[in-house]
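Visitor: Hi! I'm new to this one, so could you walk me through it?
Guide: Happy to. Let's put it on the screen and begin with a single strand.

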Amino acid sequence: MTTLDPADLGPSRTYKLLSALVVPRPIAWLGTMSADGVPNLAPFSFFNVVSNDPPTVMVSITNRPDGRDKDSLTNLDHDPGATISLVSYPQFEQMWHSSLTHEPEVDEYAAAGLPTEPGDRVAALRVADAPAALEVTRTRRIEVGAYTLNLLRVLALHVRDDLIDERLHVDLAGLDAVGRLSTRFIRVDDIFEPPN
Ligand SMILES: Cc1cc2nc3c(=O)[nH]c(=O)nc-3n(C[C@H](O)[C@H](O)[C@H](O)COP(=O)(O)O)c2cc1C
C-alpha cells in the first residue's frame, strides 16, 4: 500500500490523485444567468447530493488560473437561481465545448450549439436535450481554501417522460449518464444488481 501525505504532495498532485480515486463523479452542467442577462453554462464534477430534506446538492468551484472567479460563481453571487442539466452521452462533446473559458458576454449555450429550455422557477436556462435537469437556488456559499462550495436547494426535478414511470423508477440505461474519471470519462452502461 502506498501512503501519501497531501502536505508533501502539494495541491496539484493532491488534485491529480483525488480526482483519480474519487470516481466516477457525476457531472453537473450548471446553468446560471449573469447580471447583464447573459445565460452561462459550464460543467462541474465536484458535484453530488447532500440531502433529500431539504433537497440539496453541492457544486464546488475553484478560481480560473488567472485568479478571477469563474463566471458561474460570479453569476450565483448575483442570482442564486440556477439549473443543473444531467450530462448524457449524446451531449458529451457539447459539454466538453462548454467547459472552455469564454468571456462573460458569451452565451455558452449558443457557443456550444445547444437548444435551451427556460427554467420554471429560475431565470437560468437548461439544456433542452438533457434527459433530466434540476432547478436549484443557492442557500449557502462556503469557502474551502481554493474552492467555493455551493449548497443548492432543489426547487424542481425534470425527467424526460420516457425515462420515468409512475413508481418513480428511472431508466438508468436510458439516462446514459457520463461520469468523470481523472482526465477521462465513463459511460454508465454496465449496470448490475446487488445480492439479495
Ligand atoms: C467534466 C468537467 C468537470 C469539471 N469540473 C469542475 C469542478 O468541479 N470545479 C471547477 O471549478 N471547474 C470544473 N471544471 C472546469 C470548468 O467547467 C471550466 O473552468 C469552465 O470554463 C468554467 O466556466 P465559467 O467561467 O463559465 O463558470 C470542469 C470541466 C470539465 C470538462
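Visitor: Which residues of β2 point one way, and which the other way?
Guide: Ala28, Leu30 and Thr32 point one way from β2, while Trp29, Gly31 and Met33 point the other way. Bear in mind that this is a predicted model.

Visitor: And are those residues buried or exposed?
Guide: Buried, on both sides of β2. Six of the six residues in β2 are buried, so the strand is mostly covered, with buried meaning under 20% relative accessible area.

Visitor: How does β2 pair with β3?
Guide: In the antiparallel sense, over six bridges. Within that pairing, Trp29 has Pro43 in β3 as its bridge partner.

Visitor: What do β2 and β3 form, and how many residues lie between them?
Guide: They form a hairpin, with five residues between the two strands. Gly37 sits in the turn and has a positive phi of about 80°.

Visitor: How many bridges join β2 to β6?
Guide: Four, and β2 and β6 run antiparallel. Ala28 of β2 has Leu86 in β6 as its bridge partner.

Visitor: Switching to helices: which residues of α2 are buried?
Guide: Helix α2 covers residues 71-78, and its buried residues are Asp71, Ser72, Leu73, Asn75 and Leu76.

Visitor: Which strands do the buried residues of α2 pack against?
Guide: There are several: β2 (28-33), β3 (39-44), β5 (55-62), β6 (81-86), β9 (132-144) and β10 (147-159). So β2, the strand we began with, is one of the elements that α2 packs against.

Visitor: Okay, new topic. Where is His102?
Guide: His102 is in the loop between α3 (92-97) and α4 (108-111).

Visitor: Is that histidine, His102, buried or exposed?
Guide: Buried: the relative accessible area of His102 is 18%, and the cut-off for buried is under 20%.

Visitor: What is His102 in contact with, leaving aside its neighbours within four places in sequence?
Guide: Arg64, Asp71, His97, Glu108 and Ala111. Asp71 came up a moment ago as one of the buried residues of α2.

Visitor: What about His102 and Leu175, how many Å separate their C-alpha atoms?
Guide: 29 Å, with their positions 73 residues apart along the chain.

Visitor: Which strands make up the open sheet of three?
Guide: The order is β1-β11-β12, with antiparallel pairing. β1 (25-26) and β12 (184-187) stand at the edges with a single partner strand each, so one side of each has no neighbour in the sheet.

Visitor: How many bridges join β11 to β12?
Guide: Four bridges join β11, residues 178-181, to β12, and the two run antiparallel. Leu181 stands opposite Arg184 in β12.

Visitor: Let's zoom out. How many helices and strands does the protein chain have?
Guide: Five helices and twelve strands. The radius of gyration is 17 Å, close to the 16 Å from the globule rule for 196 residues, so the chain is as compact as a globular protein of that length.

Visitor: What does the C-alpha trace span?
Guide: About 55 × 50 × 35 Å along its principal axes. Buried residues make up 39% of the 196 residues.

Visitor: What about the surface and the charges?
Guide: The accessible surface comes to about 11500 Å², and 55% of that belongs to carbon and sulfur atoms. The chain has 17 positive and 28 negative side chains, and the centres of those two sets lie 6 Å apart.

Technical notes. Residues numbered from 1 in each chain as written. Predicted model: local features only at pLDDT ≥ 70, side-chain atom pairs only at ≥ 80, totals over all residues. Heavy atoms only, no water. Rg over C-alpha atoms; globule rule 2.2 N^0.38 Å. Buried < 20%, exposed > 50% of the residue type's maximum accessible area, 1.4 Å probe, protein only. Areas by Shrake-Rupley, 256 points an atom, 1.4 Å probe, with all protein chains shown as cover. Lys, Arg positive; Asp, Glu negative; His and termini not counted. Charge placed at Lys NZ, Arg CZ, Asp CG, Glu CD. Pairing = 2+ DSSP bridges. Contact = heavy atoms within 4.5 Å.
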